[in-house]
Amino acid sequence: MNERDNFILKAKRIKLIEETKLKESSSMEVNKMDIDDRRKSNFSSLGPLSTSNGSISRGNSSNNAKGDIRKLVIKNFKSKPSLPENYQEHTWQKLKEAVVAIQTATPITYCLEELYQAVENMCSHKMDSQLYVNLTGLAESHVKANIRPFLAERIDKLLYLKKVNECWQFHCQQMIMIRSIFLYLDRTYVLQNPTVHSIWDLGLELFRDHIATNSTVQSRTVEGILMLIEKERNGETVDRTLLKSLLRMFSDLQIYKEAFENKFLIATKQLYQAEGQRKMQELDVPEYLKHVDKRLVEENERLLHYLDQCTKLQLIFTIERQLIAEHITGILQKGLDQLLEENRVADLSLLYSLFSRVKNGTIELCGSFNAFIKTKGKTLVIDPEKDKTMVQDLLDFKDKMDYIVCNCFERNEKFSHSLREAFEYFINQRTNKPAELIAKYVDMKLRAGNKEATEEELEQILDKIMVLFRFIHGKDVFEAFYKKDLAKRLLVGKSASVDAEKSMLSKLKQECGGGFTSKLEGMFKDMELSKDINIAFRQYIEGNANSKELAQFYAIGIDMTVNILTMGYWPTYPVMEVNMPPQLVEYQNVFTKFYLAKHSGRKLQWQPTLGHCVLKARFDQGPKDLQVSLFQSLVLLLFNDCNEMSLEEILQATNIEVSFDGELRRTLQSLACGKARVLTKIPKSREVEDKDKFKFNNEFTAKLFRIKINSIQMKETNEEQKATEERVYQDRQYQIDAAVVRIMKMRKTLSHNLLISELYKQLSFPVKPADLKKRIESLIDRDYMERDKDNQNQYNYVA
């Protein structure tokens, strides 16, 4: 057992002595209470009377005379007690020897109990003040002597740190031992004098004043600590216990901030400033982000193991500033587009997490995210070569960005709003075309034969389409093309699901209001009313089968279904005059007479362009049912009377080509050059020429009994698209006129600028100020409004 352990054991003995004294004093108090209780019981026995055989007696009264009282007399000492001569000097000498023995780690010659009693006696005789002064001087001289080894020539930094730590540890142990001897002084004199430090605080103050704050010692110690931390940051293994002990020393001495923290933060800033610039050039953005995250984890571990927690905020702020904030622009320009393009979810999550740490980090990220969407989206919308896949690409792009916002950017509302704003911006960079293609995409999904999706998946697709629809400014363009495609689906019976059609209609109504879908709803009502009219017509035919007018007609056995369309609800179709077979003409006349009898004052106009028929044909192989368009039917019915016809003869017989250029050629091409070749073309080729001839193909064979011969659809020409856009433009003019009259009728008088601003609030489609001015001038010419005579910039409503 060494001397240091011996000191600790002696300190423990002193503590045991104190505890023993406390127990003895408490036991003395208990004994005194017992004596008092016994005295009280003895006196009380004299008080109460007891009766025995009718006589009264007082306890113990036989031993004492009545009224006899004992007196206790306390006298002063004959001579005043006094301390031995030179007691203070002699006692201090013993205590000094003990303190010096502790400081020099040598055995103490006196019993610790005797030393403790000596301190207590000196304090009891008012020698505590001088005792404290003597102890302070003795401790100070020892501390001053300890600094000499640290002022010697420079030695290895690590060895120097170990010596400083060893000196600090010895000093703490010595002060603990000294305090255990002078504990009575610490608990009496120090507590009664607030200006006096406790013995432990005295030791800290002496070490701080004479060793820790010495410029040489402090600078060399801090340099050594910073050296070890730098080595650890560079990947080397260091003694964390040594670092923890020295930094705790600075904290205990209350010089942590001024001695270490400021220099540490400056060194940290310089290190990470250079590292950030170097790594940004060396690494790609994903690797750089992982490096920054690794550095943050390492610094948090240092805070956990040896750095003081008061350093945390400034340390982390310094790292975030030097590695993130200073390189925000570089990171975004160098790698954000790549991360978004490649859908690097983990890296994007880390990027958002790191940028959230610095001021304006998420704002800068949101701005670059917005710019990427606009740039990428514009390439999808502007290029005409991508029109075929535009809508699907937009849906996929929107899903991808939504996933990133939800999973990488923590559903941040700023990013969601930025995403919507960017989509609305780029999707309207190309006027009208996105709206048209979205309408055609819906038509493709709702058309019969589309087996790509179940009803639930189709509903999800329609919801996604509505998201794109909300971004479109020219919703009336969408409505025009959607209405045209819906008409084809309803009239030709190509709608995949009535429920899906009505679901889409309800979505549009919820989004744009009842005015937007009123015509579309009217189309569905016409189809339902047509069903009832056809049932009534069949009953009419069956009920009048014996009449002369319908007898021959009823015998033919033609079943005709007629759709009655309200002209204002449906798209405008060109009026066509074709040569119909006599049977069909008679059928049309009968239906017209039947309908007008019930609805007088109405006019029926037959439209053969969307008609379709089922013909019964006989081939060598056997009979077949041919499902064809009305134009195909007109051509095939000609071959009942002849076996071969030229293109010119067919043209004269049907009159199709004259009224609708190209339709007859496409019809013959579908019958003679398609999959089901019920006609044979002479000569054989894919294109129909003027001198070609056609024969009925009796040798036609097919596995199915009912064969559908698809007509060759002419791709929508630029003229048709322009016609549709022209109708939209015309409707917009009517809406502008109506809005102007509505506003002026309510306001009576209004300036030009206010009228323009009101119009922008009411109109739901994009319009230029020049177009508004033209409509205003048109209304002035038609006397709906006039310019004010005194102010040409003001308009007055004309009632």
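**Exercise 1. A salt bridge across a hairpin**

Is Lys616 exposed or buried, and at what relative accessibility? Work that out, then look at the partner of Lys616 in the predicted model.

*Solution.*
- Step 1: Start with the lysine. Lys616 has 73% relative accessibility, and exposed means over 50%, so Lys616 counts as exposed.
- Step 2: Find the partner. The side chain of Lys616 meets that of Asp625 in a salt bridge, at 3.8 Å from N to O.
- Step 3: Check the other end. Asp625 sits at 8% relative accessibility, and the cut-off for buried is under 20%, so Asp625 counts as buried.
- Step 4: Put the pair on the strands. Lys616 stands opposite Asp625 in β4. Strand β3 (residues 612-618) is joined to β4 by seven bridges, and the two run antiparallel.
- Step 5: Look at the turn. β3 and β4 make a hairpin with four residues between them, and Gly622 in that turn has a positive phi of about 145°.

**Exercise 2. The surroundings of β4**

Which strand runs parallel to β4, and how many bridges join the two?

*Solution.*
- Step 1: Go to strand β8 (residues 706-708), which runs parallel to β4 and is joined to it by three bridges.
- Step 2: Pick out a facing pair: Leu626 stands opposite Ile707 in β8.
- Step 3: Now ask how enclosed β4 (residues 623-629) is. Five of its seven residues are buried, so the rest of the structure largely encloses this strand.

**Exercise 3. Reading a three-stranded sheet**

What is the strand order in the open sheet that holds β5, β6 and β7, and which strands stand at its edges?

*Solution.*
- Step 1: Write down the order. The three strands of this open sheet go β5-β7-β6, with antiparallel pairing.
- Step 2: Find the edges. β5 (644-646) and β6 (679-682) each have a single partner strand, so one side of each has no neighbour in the sheet.
- Step 3: Add the twist, which averages 25° from one strand to the next.
- Step 4: Zoom in on one pairing. Four bridges connect β6 with β7 (residues 693-696), in the antiparallel sense. Here Lys681 stands opposite Phe694 in β7.
- Step 5: See what covers the sheet. Helix α27 (residues 647-654) packs on it, touching β5 and β7, and the helix direction makes about 85° with that of β5.
- Step 6: Visit the loop between β6 and β7, where you'll find Lys684. With a relative accessible area of 76%, Lys684 is exposed. From Lys684 to Phe694 it's ten residues in sequence and 10.0 Å in space, C-alpha to C-alpha.

**Exercise 4. Helices α3, α4 and α5**

At what angle do the axes of α3 and α5 cross, and which residues meet there?

*Solution.*
- Step 1: Get the geometry. The axes of α3 (residues 112-124) and α5 (residues 157-181) come within 8 Å and cross at roughly 65°.
- Step 2: List the contacts. From α3, Leu112, Leu115, Tyr116 and Val119 meet Met177, Ser180 and Ile181 in α5.
- Step 3: Sort them by class: the contact has six nonpolar residues, one polar and no charged ones.
- Step 4: Bring in α4 (residues 128-146). Its 19 residues reach 27 Å from first C-alpha to last, close to the 27 Å expected.
- Step 5: See what α4 packs on. Its buried residues, including Leu131, Tyr132 and Leu135, pack against several helices, among them α3 and α5.
- Step 6: Finish with a lysine in helix α2, Lys94. Lys94 is buried at 12% relative accessible area. Leaving out residues up to four places away in sequence, Lys94 touches Tyr110, Glu114 and Leu115.

**Exercise 5. More salt bridges**

How many salt bridges does the structure hold? Once you have the total, compare two individual pairs and look at a network.

*Solution.*
- Step 1: The total is 39 salt bridges.
- Step 2: Take Arg747 and Glu758, whose side chains meet at 3.2 Å, N to O. Arg747 belongs to helix α30 (residues 718-747) and Glu758 to helix α31 (residues 752-762), eleven residues apart. Arg747 is partly exposed at 37%, whereas Glu758 is buried at 17%.
- Step 3: Take Asp209 and Arg208, which form a salt bridge at 3.9 Å, N to O. Asp209 is partly exposed at 42%, and Arg208 is partly exposed at 21%.
- Step 4: For the network, look at Glu232, Arg233, Arg240, Glu299 and Arg302, which are linked by salt bridges.

Definitions and conventions:
Residues numbered from 1 in each chain as written. Predicted model: local features only at pLDDT ≥ 70, side-chain atom pairs only at ≥ 80, totals over all residues. Heavy atoms only, no water. Pairing = 2+ DSSP bridges. Axes fitted to C-alpha atoms, helices over the stretch in contact; angles between N-to-C directions. Contact = heavy atoms within 4.5 Å. Nonpolar A, V, L, I, M, F, W, Y, C, P; charged D, E, K, R; others polar. Salt bridge = Lys/Arg side-chain N within 4 Å of Asp/Glu carboxyl O. Buried < 20%, exposed > 50% of the residue type's maximum accessible area, 1.4 Å probe, protein only. Expected span 1.5 Å × (residues − 1).
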